Amino acid sequence: MSELTEPRTTPAARPAGRARALPPVLVTRALAPGVLERLTPFCEVTLHGDDEPMPRAALLAAVRGTAAVITTLGDTVDAEFLDAAGSGLRIVANHAVGTHNVDAAACAERGVLVSNTPGVLTEATADLAWALLLAATRRLGEGERLLRSGRPWSWAPNMLLGLELGGTPLGILGMGRIGQAVARRARAFGMPVGYHNRTPLSEAARDGAEWLPLDDLLARSTVLVVTCPLTAATRHLLDAERLARLPQGAVVVSMTAGIVDELALADALDSGALFAAAVDNFEHEPAVPARLLAQERAVLVPHLGSATVRTRRAMGDLAVDNVLAVLAGDAPPTPVGPPARISPPPT
Ligand code: GLV
């Protein structure tokens with residue numbers, strides 16, 4: 001293994017006596033402990049062992065001649081990237097459930113497979129949605145900042161009053177795996193759940209939640225959790241006009257960047273139309289709009305949805321499983337999009 005920056009992992013020993021060169025694999029970010037050790041016996045790994053995204057020029061140089069690459073959402077995989085990689089690239093294994101950083105059509109044109117890490121991050125992300133929902137409705141950010149400011153305070157009947165959840169309608173925009181996991185947790189809080197998806201779910205999957213047209217869902221959701229994937233059709237789906245359809249004093253929890261128009265969200269907080277909001281990831285990450293940062297009623301966290309020890313290990317393992325399968329000539333376990341041609345490994 002070679003490192004482009006400071007090593008953070010220990011390469012595992014390779015099986016002895018290999019005759020042919022191992023396939024070159026680029027890993028663009030330090031992964032959870034133990035993950036790369038599963039790859040190094042079988043691949044010549046180049047690791048950008050850093051927590052910062054690779055600068056574009058370095059990424060394009062490092063991907064040249066690789067057979068596989070493990071990317072993160074900060075790496076744009078487009079025609080330029082694929083041309084820089086060359087014709088030997090067989091799989092882009094995105095270390096995320098989202099794939100909006102990957103031009104799937106450009107990959108398909110070149111016969112490059114794409115995989116993601118669905119399933120393994122569902123529960124962690126649903127937990128964080130609930131952490132944010134509770135923080136926003138109970139004004140935890142404001143309370144924390146008050147104590148840390150050192151300003152004098154004393155218990156008061158009207159101090160930092162929040163919203164109570166029992167009986168409060170919860171709306172889920174995007175009832176995929178994560179939306180369904182958010183809905184399951186709502187039962188414990190006694191919240192009636194409505195949702196909107198392009199296609200209503202089966203009886204079993206919806207588990208008591210009610211499908212509603214988008215505008216009807218907005219009109220009845222005192223708390224709205226946004227978990228739908230970012231696509232051309234969902235970008236800024238929650239613009240100023242749609243946010244205005246929420247009940248007065250509603251709370252918005254945004255778990256997917258780009259669906260909620262962040263400046264319209266800031267306007268709705270400033271005007272008092274919303275009681276509070278919480279955002280886990282941002283459209284122009286790592287930039288966070290100054291108007292949201294200035295809003296006391298916004299709970300803002302740096303893209304922590306899947307950030308647990310267990311889940312990041314599972315995401316890394318799944319990305320590695322996809323790479324190893326494709327390099328062995330098998331189908332990737334979690335492909336994105338229609339199955340593409342699997343090319344046999346070089347002999
Ligand atoms: C996180 O945002 C992901 O898509 O995994």
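**Exercise 1. Charge distribution.** Determine how far apart the mean positions of the positive and negative charges of the protein chain are.

*Solution.* First, fix the counting: Lys and Arg are taken as positive and Asp and Glu as negative, with His and the chain ends not counted. Next, place each charge at NZ of Lys, CZ of Arg, CG of Asp or CD of Glu. The protein chain then has 31 positive and 36 negative charges, and their mean positions lie 4 Å apart.

The model is a predicted one, in which local features need pLDDT of at least 70 and side-chain atom pairs count only at pLDDT 80 or more, while totals for chains, interfaces and linings use all residues. Residues are numbered from 1 along each chain as its sequence is written, and side-chain values use heavy atoms, with hydrogens and water left out.

**Exercise 2. Overall architecture.** State how many helices and strands the protein chain has, and explain why it is described as compact as a globular protein of its length.

*Solution.* Begin with secondary structure, where helices (H or I, at least four residues) and strands (E, at least two) are DSSP runs numbered from the N terminus. The protein chain has twelve helices and 13 strands. Its radius of gyration, taken over C-alpha atoms, is compared with a globule rule of 2.2 Å times the number of residues to the power 0.38. The radius is 22 Å, close to the 20 Å that the rule gives for 347 residues, so the protein chain is as compact as a globular protein of that length. Along the principal axes, the C-alpha atoms fill a box of roughly 75 × 50 × 35 Å.

**Exercise 3. Burial and contacts.** Find what percentage of the residues in the protein chain is buried, and what percentage of contacts with a separation of 6 or more comes from residues 24 or more positions apart.

*Solution.* Buried means under 20% relative accessible area, exposed over 50%, and partly exposed in between, with a 1.4 Å probe and protein chains only. By this criterion, buried residues make up 48% of the 347 residues. For the second part, a contact means heavy atoms within 4.5 Å. Of the contacts with a separation of 6 or more, 60% are between residues 24 or more positions apart.

**Exercise 4. His48 and Ala58.** Locate His48, identify the backbone oxygen that lies 3.1 Å from its side chain, and relate His48 to Ala58 in space.

*Solution.* His48 lies in the loop between strand 3 (44-47) and helix 1 (56-63). It is buried, at 6% relative accessible area. A polar atom of the His48 side chain is 3.1 Å from the backbone oxygen of Glu52. Ala58 belongs to helix 1 and is partly exposed, at 33%. The C-alpha atoms of Ala58 and His48 are 9.6 Å apart, for a sequence separation of ten residues.

**Exercise 5. Surroundings of Thr334.** Which residue shares a side-chain polar contact of 2.9 Å with Thr334?

*Solution.* Thr334 is in the segment after helix 12 (309-327) and counts as buried at 15% relative accessibility. A polar contact is a pair of N or O atoms within 3.5 Å; within protein, one must be able to donate a hydrogen and the other to accept it, and residues adjacent in sequence count only if both atoms are side-chain atoms. The partner of the Thr334 side chain is Asn322. Leaving aside neighbours within four places in sequence, the contacts of Thr334 are Val114, Ser115, Asn116, Pro118, Leu318 and Asn322.

**Exercise 6. Backbone geometry.** Describe the peptide bond from Glu285 to Pro286 and the phi angles of Arg139 and His303.

*Solution.* The bond from Glu285 to Pro286 is cis, with omega near 5°; Pro286 sits in the loop between strand 12 (274-279) and helix 11 (290-293). Arg139, although not a glycine, has a positive phi of about 60°. Arg139 lies in the loop between helix 4 (122-137) and helix 5 (140-149) and is buried at 14%. For His303, also not a glycine, phi is positive and near 55°. His303 occupies the loop between strand 13 (298-300) and helix 12 and is partly exposed at 28%.
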